Amino acid sequence: RALIGRQPSPTSPETFMDDLQPGHYWKTPFIWEPGCPEPALAPPALRFEPVADDWLHGAAAAVMADSLDASDRYACDHGGAGKAVDELMAILPEYFVRPDGWWRAAVDALGQRVGFVLPVVFKDRARWREERPQGTIFYMGVLPAFRGRGFGLELVHEATRVFVQAGCWRIFCDTGSDNRPMVEAFRRAGYRERAPWQRPLA
């Protein structure tokens, strides 16, 4: 999920992790900025198309219901996957801007939608620099039937291409530290890793 609140300081990923506070979980932040590797082109067998909101709700519910992210599991356990998606989308307009056409679905060679990625920019102008916005991935996911095929990395690449083309000065993302596939996707995409930090589950 996209970050709301302060951003962590640029300390080493090896910084000692304190005891976890009740009601919190560990997240690992990642930064992409000029000097990081440029995003790779999408493979020929994968294309991206604008996401349809009616499809997205069901797809996001399927991702959340089978998620490795502690906050997703908590939200689903306390109201179900559909409600978790509704609550997630409800915070979007307060903190983020969704530019037209940015939200994408990934489609494989058989025409199957395998996942989605939802790039946004922060509304808070304190996170902008020289009139250039800071981007973040509001949410993303690979549908359970298509996991283990490298699609998570391709979703990160697609979001990075969107942000770079839009002139964002920096991309800030974080993911649950126990969500190893997503941690590895950001690492492989060339994002700079920062020290894990605690975030509230709700």
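A nonpolar core is a set of buried Ala, Val, Leu, Ile, Met, Phe, Trp, Tyr and Cys residues joined through side-chain atoms within 4.5 Å. Keep that in mind as we start. What we have here is a predicted model.

So, the core. The largest nonpolar core here has 55 residues. Which of them touch the most other members? Four residues do: Trp103, Phe116, Phe138 and Tyr191.

Take Phe116 as an example. Leave aside residues up to four places away in sequence. Phe116 then touches Trp55, Leu56, Ala59, Ala60 and Val63, among others. Its contacts also include Arg104, Ala105, Tyr139, Met140, Gly141 and Leu155. Phe116 belongs to strand S5, which covers residues 113–122.

Next, confidence. The average pLDDT for the protein is 92. Of the residues, 91% score at least 70. Where does pLDDT stay under 50? Look at residues 9–16. For that stretch the model has ten contacts beyond four places in sequence. A word of caution goes with that. Where pLDDT is low, the predicted coordinates should not be read in detail.

Now helix H3, residues 81–90. Its buried residues are Ala81, Ala84, Val85 and Leu88. How do they sit around the helix? Look down the axis of H3, and the buried residues fall within an arc of 100°, so they line one face. What does that face pack against? Three helices and a strand: H1 (53–65), H2 (70–77), H4 (92–95) and strand S6 (134–142).

H3 also carries a salt bridge. Glu87 pairs with Lys83, with the closest N and O atoms 3.9 Å apart. The two are four residues apart in H3, so about one helical turn separates them. The general rule is simple. An α-helix has 3.6 residues a turn, so residues three or four places apart point the same way. Are these two buried or exposed? In between, as it turns out. Glu87 is partly exposed, at 40% relative accessible area. Lys83 is partly exposed too, at 42%.

Helix H6 gives us another pair. H6 covers residues 180–188. In H6, Arg187 and Glu184 lie three residues apart, about one turn of the helix. Their side chains meet in a salt bridge, 2.6 Å from N to O. Arg187 is partly exposed at 34% relative accessibility. Glu184 is partly exposed as well, at 33%.

How many salt bridges does the structure hold? The count is 13. The principle behind them is plain. Side chains of opposite charge can pair when their charged atoms come close.

One salt bridge reaches across the chain. Arg98 pairs with Asp53, and the closest N and O atoms are 3.1 Å apart. This pair links distant parts of the chain, 45 residues apart. Arg98 sits in the loop between strand S3 (96–97) and strand S4 (104–107). Asp53 sits in helix H1. Arg98 is partly exposed, at 33% relative accessible area. Asp53 also counts as partly exposed, at 46%.

There is a network as well. Salt bridges link Arg47, Glu49 and Arg113.

On to the cysteines. How many disulfides are there? Zero. Cys168 is in no disulfide, and the nearest cysteine sulfur, that of Cys173, is 10 Å away. Why is there no bond from Cys173? The closest cysteine sulfur to that of Cys173 is in Cys168, and 10 Å is too far for a bond. A disulfide needs the two sulfur atoms within 2.5 Å. Both cysteines are out of the way of the surface probe. Cys168 is buried, at 7% relative accessible area. Cys173 is buried, at 1%.

Last stop: the loop between strand S5 and strand S6. Glu130 lies in that loop. Its phi is near 50°, a positive value in a residue other than glycine. Glu131 is found in the loop too. For Glu131, phi is near 65°, again positive in a residue other than glycine. Buried or exposed, these two? Glu130 counts as exposed, at 71% relative accessibility. Glu131 is exposed, with a relative accessible area of 62%.

That is the tour. Back to where we began: Trp103, Phe116, Phe138 and Tyr191 touch the most other members of the largest nonpolar core.

How values were computed. Residues are numbered from 1 along each chain as its sequence is written. This is a predicted model: local features need pLDDT of at least 70, side-chain atom pairs count only at pLDDT 80 or more; totals for chains, interfaces and linings use all residues. Side-chain values use heavy atoms; hydrogens and water are left out. Buried means under 20% relative accessible area, exposed over 50%, partly exposed in between (1.4 Å probe, protein chains only). The arc is that of the directions from the helix axis to the C-beta atoms. Contact means heavy atoms within 4.5 Å. pLDDT is the predictor's confidence in each residue, from 0 to 100. A salt bridge is a side-chain nitrogen of Lys or Arg within 4 Å of a carboxyl oxygen of Asp or Glu.
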